[in-house]
Amino acid sequence: MAKLKKKPLTLNFKKFKDKISKIKPNFETLKNKISKPKPNFKKYIKNISNLKINALRILKQVIKEFRLLWTDKFNLLLAIVIPPLIIVMLGLTMTDAPSETQSIPCMLISYDSNTFINPNNFTESKLDNYTMPYVEAVNKSSMLELVRFYNATEEIYAMEAARNALISGEIKVILSLPVDFTELLEWGLPGLIDCVLDASNIQYIQQSLNSVYDSIKIFVNDNNLTPQFQLQGFEEFTIPEGYSNNFNSSIVMALSFMVFGIALVLSILVIVQEKPIARLLLTPVKRSEILLSKYITYTLVLVLQVSLLVISGLSMGLYIAGTLTDLFIALFMIGFSGLTMGVFISSQSKTKTQANQLFLAVFLVAVLLSGIFIPIENMPLYLQVIAYILPLSHGDPLLRGIIQKGQSILGLHFIWLLVISIVLVIISFVIFKRRKYEV
Amino acid sequence: MVDVNNLNVKFGEKHVVHDVSFTVDKGEIIGLFGISGAGKTTIVRVLTCQIEKKHWTGNVMVTGLSPEKKSNHSKILSNIGYVPQLELLNLYFELDPMVNVEVFTSTYGMNKKRAKETAEELFKILDIPRDTWKKRVEKMSGGEKKRLSMAIGLIHNPDVLFLDEPTTGVDASKRYDILSYLKKLNQKLNTTMFIITHDLESALICDKVAILKDGRLLEFDTSQNLISSLPSEGLIARFTIEDLNEKLIAFIKKFPSIRRIIRVGNEAIEVLMENFEENLPKLIEYMVDNNITITSMSKDIATFRRYFQIRIQKEEEEESSLKEVKVIRK
């Protein structure tokens, strides 16, 4: 039977000692590691002084940007003075006060008459009961201006003459009372009034219809008529008395277009037209500092522009259902998205012409797909996607929400404007960093 | 001050600078000469941190720092100045000279007062009229813009100043003014200057000249040394000959001691030969004996322009003979 050889159990102290001694230096390194993060004040002070120089450099670059802006006074005028001027113009032209509303010129033709043979054996026509009361109502209405009244039974070319007046622009509306106008009203049936409108200019259609409606209201009241049906409307988000409805509804569109468009047009050339950037890059100034100084400058211009817009809007009777702060931030964000888009265009354009063409394309697409002219929901899906990416389609509902409905700024539209602006800032920094400059 | 060793620059497959080496000391004016595509601008772009390291190899030191490391770029750019060929790239035309100065000095962290003092000093040296200091740059004359551009390049008192074609686009009469201003600045400020140029007259103010061709450094020495390296230490005989043509030149070339004939006009040639003083009478005799009508004759020392022409010609001849050898071998 084989015996298992037992190895004598001896302790190798030497080896053990070696192992321990090997561990020792580890303690040393650990000690070193712990002692390493000693505060290096010199380094900190150097870093702080570097930061100071960088901040100073950026500040000087900002001053340079302002000086460059000041040399192009027309551009500055465009950015700061024109937008509030437009608001003032809107305020002066878009009012609801009746005295200030121009009445709609019209012609009235009545076919509602009795024709009979008079004792002298001549054919004679006599206007029916309700024709002249309606003529009176039209005359009473401040929204209509009766240019001429025709008794169609006697003047057979009345409609032709009225149509010619409509073509020439002398009148905007032809009102026509049908043959059975009086009979229908007397029998308690709805009396029809034919209305021919000049639809060549879309803005007159609603105004013309309102004017006709006004004359009917007067006619019904004056003659104690009971209308066959009653239209009962409930209006939400109405503008309080004393504020102009027209001005307040149109200012929303104007504000978003102006803030976005002017920020865009101001910034599209900031990089592409500054030739000495190539030479500046042969100094210690960094590309990021150059671009940051541009953003700071144009953001300050934007703040001034938005402030003036808000002031001019308020002075012209802008009603804000929400808060003034929200409106200011919203306008700033719309402008900032235009600014970032402009800098983005400028950073990747090789020439001024290219930047201008890109501006035109971007601005037109942004306006057309903003949802102001065509509801976004009615667009094909691919256009809807593009529309929702573009800032202007978020700017308009954001402003409407704040101004007309009293909504808070916080919501999807604001977040999207913020996101798209941040993305464009990042992209413009990346492009500018990679842009090739050679002197 | 500037040390370049075995610099090679490649853009993809294109090898634009081949093994260039040279050293420049403090206060020297160096002229980089060469026809277009010689690699002058590329070398300067490496020295001014404009070309990424992936495109070049070799040891390059500018003011004791290597442009190889990105962390050195800011320091190098603080130590150097650059005057581009076009003022449009260097100056804000809409602003006045003093504001231009402020824009650039702020990038170096200079304070306003010091910047103003330095600018005034430089403007005086460069004769920039005081009445233009507060006017828009666009209203200044071409020469004034050029000088302002030079002042801005020197505003932070750099150790090295690079000038790209400083005399291009300047009237012939003003060219020498620009060169003398540069010399004056160099003497006053002891700034090392690199002049990239096609204008061979610039060699007049250069302590050393570098001749480049197809990315290769052919020569780097003083212009006097280069001229002296020509046969008979650069002595040249200039002949005006009636009815001069290529056949006639080829015939004169057969004279044994002639090293090179350069046609310098419709009826003029310049001749370089060995043992000039001894062989010149013999050459005249040779021409007269062979019914060549010499209308005039003069002797002179070759200019740098002539040296440059001869050196480039020689290089081209060597290149074409090398090509011929290659074709024969094939």
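How many salt bridges does the rule find across the interface of chain B and chain A? The rule finds one. The model examined here is predicted.

The salt bridge pairs B:Glu102 with A:Arg67. The closest N and O atoms of the two residues are 3.1 Å apart. Polar contacts also cross the interface of chain B and chain A, where the rule finds seven residue pairs, both residues being at pLDDT 80 or more. Three helices of chain B each supply at least two residues of the side that touches chain A: α2 (70-79), α3 (97-107) and α5 (142-154). The largest share of that side comes from α3(B), with six residues.

The extent of the interface can be stated in two ways. In terms of residues, 26 of chain B are in contact with 20 of chain A. In terms of area, about 2300 Å² is buried between chain B and chain A. Carbon and sulfur atoms give 62% of this buried area. Three residues stand out on the chain B side: B:Leu89, B:Tyr92 and B:Thr107. Together they supply 26% of the area that chain B buries against chain A, more than any other three residues.

Chain A itself has 439 residues, of which 41% count as buried. Its secondary structure consists of 16 helices and six strands. The accessible surface of chain A comes to about 26200 Å². Carbon and sulfur atoms account for 63% of that surface. Contacts within chain A often link residues far apart in sequence: among those between residues at least 6 apart, 76% join residues at least 24 apart.

One residue of chain A, A:Asp214, was examined in detail. It lies in helix α8, which spans residues 202-222 of chain A. A:Asp214 is buried, yet has no salt bridge. The nearest side chain of opposite charge belongs to A:Lys217 and is 4.8 Å away. A salt bridge requires a nitrogen of Lys or Arg within 4 Å of a carboxyl oxygen, so a pair at that distance does not qualify.

What does the side chain of A:Asp214 join in a polar contact of 2.6 Å? The partner is the side chain of A:Ser141. A:Ser141 also appears among the residues in contact with A:Asp214 once neighbours within four places in sequence are left aside. The others in that set are A:Ser142 and A:Met143. A:Asp214 thus combines a buried position without a salt bridge with a polar contact to A:Ser141.

Methods. Residues numbered from 1 in each chain as written. Chains lettered and ligands numbered in written order. Predicted model: local features only at pLDDT ≥ 70, side-chain atom pairs only at ≥ 80, totals over all residues. Heavy atoms only, no water. Helix = DSSP H or I, 4+ residues; strand = E, 2+ residues; numbered from the N terminus. Buried < 20%, exposed > 50% of the residue type's maximum accessible area, 1.4 Å probe, protein only. Lys, Arg positive; Asp, Glu negative; His and termini not counted. Polar contact = N/O pair within 3.5 Å; in protein donor to acceptor, adjacent residues only side chain to side chain. Contact = heavy atoms within 4.5 Å. Areas by Shrake-Rupley, 256 points an atom, 1.4 Å probe, with all protein chains shown as cover. Buried area = accessible area lost by both parts, 1.4 Å probe.
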